[in-house]
Amino acid sequence: MGDTTSAIGRVRQIQRLLNGLPTREVVLDGLSRATAQIALPRPRSDVAVGLDEVLAARKSHYRFHVEPPGAEELSSLLRWALGPQRTVRLPAGGKHQLRMAPSAGGLPSLTVYVTAKPGGDIPGGVFRYEPDGHCLETLWSGDPTAALRSVLVQPDFAERAPVMVFLVARLDTTLVKYPIRHYRTLHVDSGIAVQNLYLVATALELAACAVTAFDDHIVTQLLRIPDSMFPTVVFPLGRRPD
């Protein structure tokens, strides 16, 4: 554990060097702390789109329909892009759950967070996605728009996108097995997850865009994540504009 703690500390130094010292705080206007659990509906199982079609149609969208994605659409996206895939038996006899988005060593290297504006099937707030239970754990309730504007370098996304998915890398579950050099591999894991999100969103006829222009410190405050985790990508999401 001591070696892992030391490795996490060294990565945090790298993060501070890359991102600088905190200069401002997250804007939490419109949000209040909450702890409710939201069960997601059964994901769609009838999405029959050829891989060639999805790959050819995949693109980044910068504008979104005013009507937010439904709970079934969000459920399907999270389940098929980032949820459980299969269980494998370990050499020692135990079992290990793998995810739809592969990761180095099959480790749970990413945690997924979701923000939603009020007015849709999912109540407004900030949530952590729990893949095993396929549910959302509420961190904040209310309208996250002001907070997202303070987070993003391109704050217009906060106004346009009704939903955002955050991918957050975990050092505590990965540096236990791998050396500090694995810090770079976490970004590869995140990139694979983003590709899954793009392809599943395209199959569901949703609009999406991967964004890395954000303030790490403010995202950390908004998502209430510890020093052993850091944000890698924000994925604005919505229905396709008319």
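Which way does helix 3 pass helix 6, in a left-handed or a right-handed crossing? Hi everyone, let's look at that together.

A word on the model: it is predicted, local features need pLDDT of at least 70, side-chain atom pairs count only at pLDDT 80 or more, and totals for chains, interfaces and linings use all residues. Residues are numbered from 1 along each chain as its sequence is written, and side-chain values use heavy atoms, leaving out hydrogens and water.

Now, our pair. Helices here are DSSP runs (H or I, at least four residues), numbered from the N terminus. Helix 3 covers residues 71–82 and helix 6 residues 182–203, and they pack at about 135 degrees with axes 9 Å apart. Axes are lines fitted to C-alpha atoms over the stretch in contact, and angles run from 0 to 180 degrees between N-to-C directions. The two helices are therefore oblique to each other; angles under 35 degrees count as roughly parallel, over 145 as roughly antiparallel, 65 to 115 as roughly perpendicular and the rest as oblique.

And the answer: helix 3 passes helix 6 in a right-handed crossing, which is the case if the near helix is turned clockwise from the far one by less than a right angle.

Who touches whom? On the helix 3 side are Ser76, Leu77, Trp80, Ala81 and Leu82, and they meet Ala193, Asn196, Leu197, Val200 and Ala201 in helix 6. Contact means heavy atoms within 4.5 Å. By class, that makes eight nonpolar, two polar and no charged residues. Ala, Val, Leu, Ile, Met, Phe, Trp, Tyr, Cys and Pro count as nonpolar, Asp, Glu, Lys and Arg as charged, and the others, Gly among them, as polar.
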